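Good morning, colleagues. I should like to take a few minutes on the structure now coming up on the screen.

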Amino acid sequence: MPWNDNANPGPWGSPSGGDDKRDQPRRPSGGGPNRPGGPDFNAGFDRIGERLREMMGGPGGRPQRLIPIVAGGAFALWALSGFYVVQPSEQAIVLTFGAYSRTETPGLRYHLPVPIEHVEKVAVTELKRTDVGGAGGDAESTAASQMLTGDEQIIDIDFSVTWRVSDAARFLFATREPQDAVKDVAESAMREVVGKTQLQPIISTARGQVQQQTAELMQRTLDSWGAGISIVEVQIRSAGPPSEVVAAFREVNNAQQDADSAENEANTYRNRVVNEAKGDAARITQAAQAYREQAVREASGEAARFNQVYTEYRRAPGVTRDRLYIETMQRILQNSNKVVVDAKGASAPIILPPDVFRPKTQPVPAAPAEPVQPQAKGAAQ
């Protein structure tokens, strides 16, 4: 007997194609879909579909019940999407239909949701670094690092620029590629400063000056563009001649050092001789000035003394003459040895030892005695 015979029920209950649902036997509970007594999934799906049709406005349903709920939920999600957080190290740039609107500071902020307003966050406290020349090793890096100095020498210089964002709005809109702009300005400023400086100071003593001048020139250029970038530091990592001429440059440098050494030694000798000559000249000049001062003062004193004596002489000529004679004889005889001989009644010559007439401070050598002729009383020798 065929399974779809209308006279006999099929394996799932009623015969297929029946119209009278009231005559269909109910499936016992507890059975599966492939065995008698399973759950009626079709009926469940039918009930779910009917419920959805009622909610969506089908026949016999309420058409306006779900639409406001869905629309309200979507609008709420859209409105809440405008909340955002700006970190302490950032500034937020709010764009209204793509145009700059305002700058927001750190904290919880709100903007009209997309597509009305859009937010761009920029890190303003982060230090950024741009390297110029030497780092890449390619032809472009080599060309960027080789520059012409003020004395028409070629120098291979490798440096880096440390910078940060000072104005987030200007940083976003003033230049198309801010990092490339910083690199181009750095190379241009370094070439200008190096072109005004000689090679030897750049690689020895003037490196700090070159770095400072480059940073100042970069800042002026970026400020004129309104780039919103602040240059923190320019640091030269290496500076020297190109690799092709390093050996020759070292020989020239050594020769220059030898010349400087010889020149320094000559300057040292010259300074020593000149200073000694100046010292001797100063000493002789001071001695002459002292002698002149002494002679002038002595002459002035003698003149003053003579005037005083002359004044006293005019008052008492005799007394003054005696006094002058006595003072003169005292000055002459006070340092000499004197022997007074009374020749009255002498019959034989008087012999005096030679040491009597010599200074007492000098040693007295042994010498034979010599006869001394008697002199008149009162004579002094």
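I shall go through the sheets first, then the nonpolar cores, and finally one helix residue and its surroundings.

Please bear in mind throughout that this is a predicted model.

Let me begin with the open sheet of three strands, whose order is β3-β2-β5 and whose pairing is antiparallel. The strands β3, residues 99-104, and β5, residues 117-123, stand at the edges with a single partner strand each, so one side of each has no neighbour in the sheet. From one strand to the next, the twist averages 30 degrees. Strand β2, residues 90-96, is joined to β5 by seven bridges. Within that antiparallel pair, V94 stands opposite V119 of β5.

A second pairing involves β1, residues 83-86, and β4, residues 107-110, which are antiparallel over four bridges. Here V86 has G107 in β4 as its bridge partner. Which side chains of β1 are buried, and which are not? Y84 and V86 point to one face and are buried, whereas F83 and V85 point to the other face and are not.

I turn now to the cores. In general, nonpolar side chains of soluble globular proteins tend to be buried together. The largest nonpolar core here has 35 residues, and F159, V161, M190, M218 and I231 touch the most other members. Several elements give two or more residues to this core, among them β2, β8, α4, α5, α7 and β9. Which element supplies the largest share? That is α5, with seven residues. Apart from this core lies another, of five residues, including Y84, V86, A92 and V119.

Helix α5 deserves a closer look. Its 17 residues reach 24 Å from first to last C-alpha, close to the 24 Å expected at 1.5 Å a residue. Its buried residues are P178, A181, V182, V185, A186, A189, M190, V193 and V194. An α-helix has 3.6 residues a turn, so residues three or four places apart point the same way. Beyond its neighbours within four places in sequence, M190 is in contact with M147, I157, F159, V210, T214, V234 and I236.

My last item is A169, which lies in helix α4. Is A169 buried or exposed? A169 is buried, because its relative accessible area is 12% and the cut-off for burial is under 20%. Leaving aside neighbours within four places in sequence, its contacts are I93, Y100 and T103. A169 and R102 lie 67 residues apart in sequence, yet their C-alpha atoms are 8.6 Å apart in space.

Key
Residues numbered from 1 in each chain as written. Predicted model: local features only at pLDDT ≥ 70, side-chain atom pairs only at ≥ 80, totals over all residues. Heavy atoms only, no water. Pairing = 2+ DSSP bridges. Axes fitted to C-alpha atoms, helices over the stretch in contact; angles between N-to-C directions. Core = buried A, V, L, I, M, F, W, Y, C linked by side-chain atoms within 4.5 Å. Buried < 20%, exposed > 50% of the residue type's maximum accessible area, 1.4 Å probe, protein only. Contact = heavy atoms within 4.5 Å. Expected span 1.5 Å × (residues − 1).
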